[in-house]
Amino acid sequence: MKSLLLMLITGCVVVNLCSAQPGKTEITRWQDDKKGAVSITWDDGSINQFKVALPLLNNFKFPATFFIITGQIPGSQYHGKFIGRPVQTIIKETATIATNKDNLFERASATPYLGLVGPMDYYYNAGSLVDAGKTDEAIKLINEMYAMVRNKHFKPGVQHNPEYMDAHGTTWNDIRKYAAQGHEFASHMITHPRLAILDEPNMLYELTKSKEDILNHLGARYTFSGEGPFGTENERVMRYAYKVYPALRNRMPEPWLKEITRGNPNNPGNTNKEYIQFQRGATTKTPLPIMKAWVDTTANKNNTWLVLTIHGVDGIGWEALSRQELNDYFSYIKAREKDLWVATFGNVARYMRERQAAALQVQQNKGAITITLRHTLNKAMYNLPLTLKTGVPANWKSVKITQGKKSLIIKPVTGNSKYAYVLYRAYPNNATITLSPI
């Protein structure tokens, strides 16, 4: 188990606490009592994300989340394949039985593995139609494609999608090194598929075997997050994916979270929910002032989590941003860091869930304040420290905070009140926290 740790939080401004009594403790909405959170996420794992963008992230001390396509990484156990009947049997059957809602998913799942160049385009377009709720149009498209297959329209060969091809160049050894620098690596499936048009065996293969390779090469911590390619929100896909990954950037089911996905043009606005996930895609079509406005919106509210989605870098990958654009944007985020908690997608999700599931028990006597912090979540998976804000008597000039064998001494923030306050991090489900004057 990770050793207990209490950390001093510096440079904090404590507001709206003047009425708190000594001993009153709350868990701040964001780590270190920041006004908002930002997660910088990357899709596909194209090589310049690591050669160009990752060194920039390290310079700014920004941990990021990389959703990687695992099937193309040397040393991965699982690669793209079709789970089902022989493809020649399926092709022969299409001559007498038209594509329909009962066989659409099987036929679509087989499409990338027909050994032909061209059907993949139909597969991706049909998947997009299913994601858009246009299943009848997808059926028609797949039916037309198989007629072309039977008529020898396509040339033999192997065809991969551009995202899969752009992701080549990184090894698991490289990824372990980057993970050790504080970055999160998460699943973007084996082949970057259109999950919404896959049948159950092939969808589960993409979901579970990508996770298994990540587990084998990086460990259980990196199996927390996932992203179904193309930002799918298909209900059928989500039902399967939620059983495999605790946190999905596609969508999170919490009733206390308002979600604004990449395809939703709305700004956060007002809500009676505790949190807002404000997801935005940074592309070549997005002016830098608009991207900066997302940051300003997050910093000016108190309940917003900005989730940035970036793909290509310096000419490699979809909608590639230049090194200079990234540097300028990261500089802008850094300038607002006193208000913003920049953290991985997985850690922000952990913090929110831990906070929502946590319970505090506080006891106070003349000499000390003791606090028990617990949550009901899986302790192995949810082990991020939470930030506590505790009122202390005004005559406590310095406060010793102890949890287990770890302790620190800090000076309270007094403001204009007769009460003072301390802000600190503590681990849930561990030793009692004790605050005492010195």
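**Notebook: helix pairs, cores and single residues**

**Entry 1, helix 1 and helix 11.** I looked up this pair first and noted that helix 1 and helix 11 are roughly parallel to each other. The term covers angles under 35 degrees, while those over 145 count as roughly antiparallel, 65 to 115 as roughly perpendicular and the rest as oblique. The model is predicted, and local features need pLDDT of at least 70, side-chain atom pairs count only at pLDDT 80 or more, and totals for chains, interfaces and linings use all residues. I number residues from 1 along each chain as its sequence is written, and side-chain values use heavy atoms, with hydrogens and water left out.

Helix 1 spans residues 47-59 and helix 11 residues 323-335; their axes cross at roughly 20° and come within 10 Å. Axes here are lines fitted to C-alpha atoms, for helices over the stretch in contact, and angles run from 0 to 180 degrees between N-to-C directions. The crossing of helix 1 past helix 11 is right-handed, which is to say that the near helix is turned clockwise from the far one by less than a right angle (anticlockwise would be left-handed). From helix 1, I listed Val52, Ala53, Leu56 and Leu57 in the contact, and from helix 11 Arg323, Leu326, Asn327 and Phe330. Contact means heavy atoms within 4.5 Å. I sorted the contact residues into 6 nonpolar, 1 polar and 1 charged. In this sorting Ala, Val, Leu, Ile, Met, Phe, Trp, Tyr, Cys and Pro are nonpolar, Asp, Glu, Lys and Arg are charged, and the others, Gly among them, are polar.

**Entry 2, the cores.** The largest nonpolar core has 42 residues, and Ile40, Trp42, Phe66, Phe185, Leu326, Phe330 and Ile333 touch the most other members. Such a core is a set of buried Ala, Val, Leu, Ile, Met, Phe, Trp, Tyr and Cys residues joined through side-chain atoms within 4.5 Å. Helix 1 gives the most to this core, 6 residues. I then found a second, separate core of 38 residues, which includes Ala108, Ala110, Ala126 and Leu141.

**Entry 3, Ile142 and its helix.** I placed Ile142 in helix 5, residues 135-150. Ile142 has 0% relative accessibility and counts as buried, a term for under 20% relative accessible area (exposed is over 50%, partly exposed in between; 1.4 Å probe, protein chains only). Beyond its neighbours within four places in sequence, I found Ile142 in contact with Thr99, Leu104, Arg107, Ala108, Thr111, Tyr122, Tyr123 and Ala126. Ala98 is 44 residues from Ile142 in sequence, and their C-alpha atoms are 9.6 Å apart.

Helix 5 packs with helix 4 (residues 119-131) at about 170°, the axes being 8 Å apart. The two are therefore roughly antiparallel. Helix 4 brings Pro119, Tyr122, Tyr123, Asn125, Ala126, Leu129 and Val130, which meet Thr135, Glu137, Ala138, Leu141, Ile142, Met145, Met148 and Val149 of helix 5. I counted 12 nonpolar, 2 polar and 1 charged in this contact.

**Entry 4, Asp339.** I located Asp339 in the loop between helix 11 and strand 12 (340-342). At 7% relative accessibility, Asp339 counts as buried. Apart from neighbours within four places in sequence, Asp339 is in contact with Lys34, Lys35, Gly36 and Ala299.

**Entry 5, the protein as a whole.** I noted 12 helices and 19 strands; these are DSSP runs numbered from the N terminus, helices being H or I of at least four residues and strands E of at least two. Of the 438 residues, 55% are buried.
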